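This report covers one buried position, the helix packing around it and the nonpolar cores.

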Amino acid sequence: HRDLHSFPTRRSSDLQTGADHVGDQELKQVFREHLAETKEHERLVEECLERYGASTSTLKDVAQKGSAMVSGMMARSADDTTGKFAIQAFAFEHIEIASYRMLCVVAERADDHQTLGIARGILEQEEQAAAKLNELIEPVAEFDLDQMGMAA
């Protein structure tokens, strides 16, 4: 349970950065919408942890370092473009999806129906966000090409 606390927290920061810096308006809107959901995810995960009396500080630090490593690899791989933000968001959504799927298994095994319900709800929203981002990959690539003066 505790490992997941850092995902919504780190994700809020990434989504805010994306919403502030991307040029494509549709992608900017997806970031803004998912930012509101992610802040709610953070609150829900914290409630789950509090039920178990778990401290999040050490685990948050460890998970944020892992997240920073993924972001760092992406940052070195491309120039700062709207497409780069879209790729990072797409990749991170799938990390979150895998994490919440695992949490569902853990909660089910622990017979923790409250956490299971929360995890399933968040998982559904993460899958919807990933689907939206999936639809935007090609349009965002076109946007970046247009911004670079490389229109067809």
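## Thr 82

In this predicted model, Thr 82 has a relative accessibility of 6% and therefore counts as buried, the cut-off being under 20%. Thr 82 lies in helix 4.

Leaving aside residues up to four places away in sequence, Thr 82 touches Val 22, Gly 23, Asp 24 and Leu 27, and also Val 140, Phe 143 and Asp 144. One of these partners, Phe 143, is 61 residues from Thr 82 in sequence, yet the C-alpha atoms of the two are 8.0 Å apart in space.

## Helix 2 against helix 4

Thr 82 is also part of the contact between helix 4 and helix 2. Helix 2 spans residues 25-51 and helix 4 spans residues 82-109; their axes are 13 Å apart and meet at an angle of about 30 degrees. Helix 2 is therefore roughly parallel to helix 4, as angles under 35 degrees count as such. The crossing of these two helices is left-handed.

On the helix 2 side, the contact is made by Leu 27, Phe 31, His 34, His 41 and Val 45. Helix 4 contributes Thr 82, Phe 85, Ala 86, Ala 89, Glu 93, Glu 96 and Tyr 100. By class, seven residues of this contact are nonpolar, three are polar and two are charged.

## Helix 2 against helix 5

Helix 2 packs on helix 5 at an angle of about 160 degrees, with the axes 10 Å apart. This angle makes helix 2 roughly antiparallel to helix 5, since the term applies to angles over 145 degrees. Helix 2 and helix 5 also cross in a left-handed sense.

The helix 2 residues in this contact include Glu 26, Val 30, Glu 33, Glu 37, Leu 44, Cys 48 and Arg 51. Among their counterparts in helix 5 are Gln 114, Ile 118, Ile 122, Glu 126, Lys 132, Leu 133 and Val 140. The contact of helix 2 with helix 5 comprises 12 nonpolar, five polar and six charged residues.

## Nonpolar cores

The largest nonpolar core holds 15 residues, and those with the most contacts inside it are Val 45, Tyr 100, Cys 104, Ile 118, Ile 122 and Leu 123. Helix 2, helix 4 and helix 5 (113-147) are the elements that give two or more residues to this core. Helix 5 supplies the largest share, six residues.

A second core, separate from that one, has 10 residues, including Val 22, Ala 89, Leu 133 and Leu 136. Of these, Val 22 is among the residues that Thr 82 touches.

Methods
Residues are numbered from 1 along each chain as its sequence is written. This is a predicted model: local features need pLDDT of at least 70, side-chain atom pairs count only at pLDDT 80 or more; totals for chains, interfaces and linings use all residues. Side-chain values use heavy atoms; hydrogens and water are left out. Axes are lines fitted to C-alpha atoms, for helices over the stretch in contact, and angles run from 0 to 180 degrees between N-to-C directions. Helices (H or I, at least four residues) and strands (E, at least two) are DSSP runs, numbered from the N terminus. Angles under 35 degrees count as roughly parallel, over 145 as roughly antiparallel, 65 to 115 as roughly perpendicular and the rest as oblique. A crossing is left-handed if the near helix is turned anticlockwise from the far one by less than a right angle, and right-handed if clockwise. Contact means heavy atoms within 4.5 Å. Ala, Val, Leu, Ile, Met, Phe, Trp, Tyr, Cys and Pro count as nonpolar, Asp, Glu, Lys and Arg as charged, and the others, Gly among them, as polar. A nonpolar core is a set of buried Ala, Val, Leu, Ile, Met, Phe, Trp, Tyr and Cys residues joined through side-chain atoms within 4.5 Å. Buried means under 20% relative accessible area, exposed over 50%, partly exposed in between (1.4 Å probe, protein chains only).
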